[in-house]
Amino acid sequence: MAHSPSRVFAAVSPSAGDVYRDENESVFNRGRKQAPLHTQSNARVVQMTGCAELSCPPDRATVTISVKNSKEHVNDTNSVTRRLEYILQTARQHDVKEENITVTKHLQREEELFHMRAEVLVVFSDFEKMQQARSVLIEKLDKSVCVGDPYYSHSAESLNLLRRRVCLEAVDNARLKASEACCILGQALGRPLLVREEESREWTSGQHEVTDSPPTLHQKTGVTLVSTSSRVFVAFELRPKDSNRRK
């Protein structure tokens, strides 16, 4: 999973007595009034806004393989069945599980001919084995079999992991900034008092740009990245540096 550069913004603020607030806080709130952080009157607080952005490449490739044949007698369509069995065997030999294989069959009669068509939808999680399986099918089967280009996509599991990672990285960015700010101010960073995700965005983008050169295989098959960003607001307790020494 590829990391894109993190974007980090800070807002340091004080409470009644000892609080620090960035004059640009309205930039982060984008005109929205922040809910007040309720603390004790003598509490000292440092507040930070942390941002992160991550990207994730596809983790699934779907290949459609179709077989068709036309015969005068319905029993003669067994050649489609034999090719279909070879396709399924090839998919299994390249570690594709049964739940990732979908088979659809269609038999139609037009005048004196029987038209048999079968379509196999195979979802690969290993792109190298996907290319190997496609090569085997293209090499071994005749023109009655059409092996489509792979279509790349993201599984729900990979997207959920991406969303969690970007939120945690934004929180970690806020913590790091708060820690560095405390060092500059001669203070110590205390326990977190509040963590709130204020914004979460997600978008897709291609890995290639439009050029005059012939498209590559990935360009023709539409490989895309999914990117997500997160902005969080975190408040920490602010402690004097010597407080730990008294304990």
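This talk describes the fold, the nonpolar cores, one helix pair and a few single residues of a predicted model.

Good morning. I shall begin with the chain as a whole. The protein chain contains six helices and eight strands. Read from the N terminus, these elements follow the order α-β-β-α-β-β-α-β-β-α-β-α-β-α. The chain has 247 residues, and 38% of them are buried. Let us also consider contacts between residues with a separation of 6 or more. Of these, 79% join residues 24 or more positions apart.

I turn now to the interior. In soluble globular proteins, nonpolar side chains tend to be buried together. In this model, the largest nonpolar core comprises 24 residues. Which residues have the most contacts inside that core? They are Ile 65, Ile 87, Val 120, Val 122, Phe 124 and Val 145. Several elements build this core, each with at least two residues: strands E2 (60-71), E4 (113-124) and E5 (145-147), together with helices H2 (78-93) and H3 (127-140). Val 145 offers a useful example of the surroundings. Leaving aside residues up to four places away in sequence, Val 145 touches Ile 65, Ser 66, Val 67, Arg 83 and Ile 87. Apart from the largest core lies another core, of 18 residues, including Leu 54, Leu 159, Leu 162 and Val 166.

Next, I should like to examine helices H2 and H3 as a pair. How are they arranged? Their axes are 10 Å apart, and the packing angle is about 155°. Angles over 145 degrees count as roughly antiparallel, and H2 and H3 are therefore described as roughly antiparallel to each other. The crossing of H2 past H3 is right-handed. On the H2 side, the residues in contact are Tyr 86, Ile 87 and Thr 90; on the H3 side, they are Ala 133, Val 136, Leu 137 and Lys 140. Sorted by class, this contact consists of five nonpolar residues, one polar residue and one charged residue. Please note that Ile 87 appears here and was also named in the largest core.

Helix H2 also holds Thr 81. Is Thr 81 buried or partly exposed? With a relative accessibility of 34%, Thr 81 counts as partly exposed. Thr 81 and Met 116 are 35 residues apart along the chain, and their C-alpha atoms are separated by 9.4 Å.

Following the chain beyond H2, we come to Asp 95, in the loop between H2 and strand E3 (101-110). Most residues other than glycine have a negative phi. Asp 95, although not a glycine, has a positive phi of about 65°. Asp 95 is exposed, and its relative accessible area is 54%.

Finally, I shall consider helix H4 (156-185) and the loop that follows. Cys 167 lies in helix H4. Which residues does Cys 167 touch, if those up to four places away in sequence are not counted? They are Glu 197, Ser 230 and Val 232. From Cys 167 to Thr 228, the distance is 61 residues in sequence and 9.3 Å in space, C-alpha to C-alpha.

Gly 186 occupies the loop between H4 and strand E7 (187-206). Its relative accessible area is 33%, so Gly 186 is partly exposed. Gly 186 also has a partner distant in sequence: Lys 241 is 55 residues away along the chain, with 6.7 Å between the two C-alpha atoms.

Thank you for your attention.

Technical notes. Residues are numbered from 1 along each chain as its sequence is written. This is a predicted model: local features need pLDDT of at least 70, side-chain atom pairs count only at pLDDT 80 or more; totals for chains, interfaces and linings use all residues. Side-chain values use heavy atoms; hydrogens and water are left out. A nonpolar core is a set of buried Ala, Val, Leu, Ile, Met, Phe, Trp, Tyr and Cys residues joined through side-chain atoms within 4.5 Å. Buried means under 20% relative accessible area, exposed over 50%, partly exposed in between (1.4 Å probe, protein chains only). Helices (H or I, at least four residues) and strands (E, at least two) are DSSP runs, numbered from the N terminus. Contact means heavy atoms within 4.5 Å. Axes are lines fitted to C-alpha atoms, for helices over the stretch in contact, and angles run from 0 to 180 degrees between N-to-C directions. Angles under 35 degrees count as roughly parallel, over 145 as roughly antiparallel, 65 to 115 as roughly perpendicular and the rest as oblique. A crossing is left-handed if the near helix is turned anticlockwise from the far one by less than a right angle, and right-handed if clockwise. Ala, Val, Leu, Ile, Met, Phe, Trp, Tyr, Cys and Pro count as nonpolar, Asp, Glu, Lys and Arg as charged, and the others, Gly among them, as polar.
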